[in-house]
Amino acid sequence: MWMIAARELRSLFLSPLAWSILGAVQVILGWFFLWSLYYFVQPDLQAQLASNPNAIGLTAFVVGLQFDTMSTILLLILPLLTMRLISEERRNKTLSLLISAPVSMTSIILGKFLGIMGFFLILLAMLMLMPLSLLFGGTLDFGQIASSLIGIVLFIGALVALGLYISTLTAHPTVAAISTFAVFLLLWMFELAGNAGEQNSVLNYLAITKHYQPLIKGLFSTADVVYY
């Protein structure tokens, strides 16, 4: 399992796709981070926050927005990485060789899953340098940051597992990517449909971002963890 995971992670960094995703996500989230920080230190906003005893702090305003933006970006880029996990093996005629190896199917699937998760953990570690840089000029709520990290890891794990499953259904990576993105979009739209429909409780529970929002606000709930 660990050999398969290491192979997947190594193959990602041998391709330009992984480096492009790392660079693009850093630039996009870096811009959002600087924009939210610049807006937070404006005198008008600071005067409003000072007069409100229940005003949000630096962590909720800047770091919370970064994690919120991160979840939206992951919905867009994650299908590009999960589309090739099994479908490419089938297209290259190497799936039968992998299955005939002296390793269980569980180890194969978990190895593929852990390889992609390793890539996103590296991406997450790089992105965490931005909020941690705020310690040079302010204080942070590490409890909320820990809750946000747990939420984003669970969020990524659920998406990777779903994308991996869809990749097993086709031999064409492009079809797997489009199908995965469509399913992600449907799960994201459940929240909008739940707010407008009669069975809002069911649709809201199925909405994949609905359980992520409380975690980035520091509200840890076992129901959200169980969902993911």
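A cavity is taken here as a set of grid points where a 1.4 Å probe fits but cannot get out. In this predicted model, a search of the whole structure turns up 1 cavity of 30 Å³ or more. The largest cavity holds about 50 Å³ of space.

Its surroundings are easy to describe in chemical terms: the lining has 9 nonpolar residues, with no polar and no charged ones. The residues concerned are Val25, Met70, Ile73, Leu74, Phe120, Leu123, Leu124, Leu127 and Ile156. Helix 4 (58-82) and helix 7 (105-127) each contribute at least two residues to this lining, and helix 7 gives the largest share, with 4 residues.

It is helpful to set this beside the annotation. An unreviewed UniProt entry lists residues 12-35, 55-82, 116-136, 148-166 and 172-190 under "transmembrane region". In the model, the span 55-82 is 89% helix and 0% strand, and its end C-alpha atoms lie 40 Å apart. For residues 116-136, the helix content is 76%, again with 0% strand, and the end C-alpha atoms are separated by 33 Å.

The largest pocket offers another site to look at, with about 180 Å³ of space. Met1, Met3, Ile4, Arg7, Glu89, Thr94, Leu98, Ala101 and Val103 form its lining. Helix 1 (residues 2-13) supplies the largest share of that lining, 3 residues. By class, the pocket lining comprises 6 nonpolar, 1 polar and 2 charged residues, whereas the lining of the largest cavity has no polar and no charged residues.

Key:
Residues are numbered from 1 along each chain as its sequence is written. This is a predicted model: local features need pLDDT of at least 70, side-chain atom pairs count only at pLDDT 80 or more; totals for chains, interfaces and linings use all residues. Side-chain values use heavy atoms; hydrogens and water are left out. UniProt positions are given in the numbering used here, feature names are shortened, and annotations may be inferred rather than shown by experiment. On a 1 Å grid over the protein atoms alone, a cavity is a set of points where a 1.4 Å probe fits but cannot get out, and a pocket is an open set with protein on both sides within 12 Å along at least five of seven lines; lining residues have an atom within 4 Å of a point. Grid points are joined across faces, edges and corners, and a volume is the space filled by probe spheres set on the points. Ala, Val, Leu, Ile, Met, Phe, Trp, Tyr, Cys and Pro count as nonpolar, Asp, Glu, Lys and Arg as charged, and the others, Gly among them, as polar.
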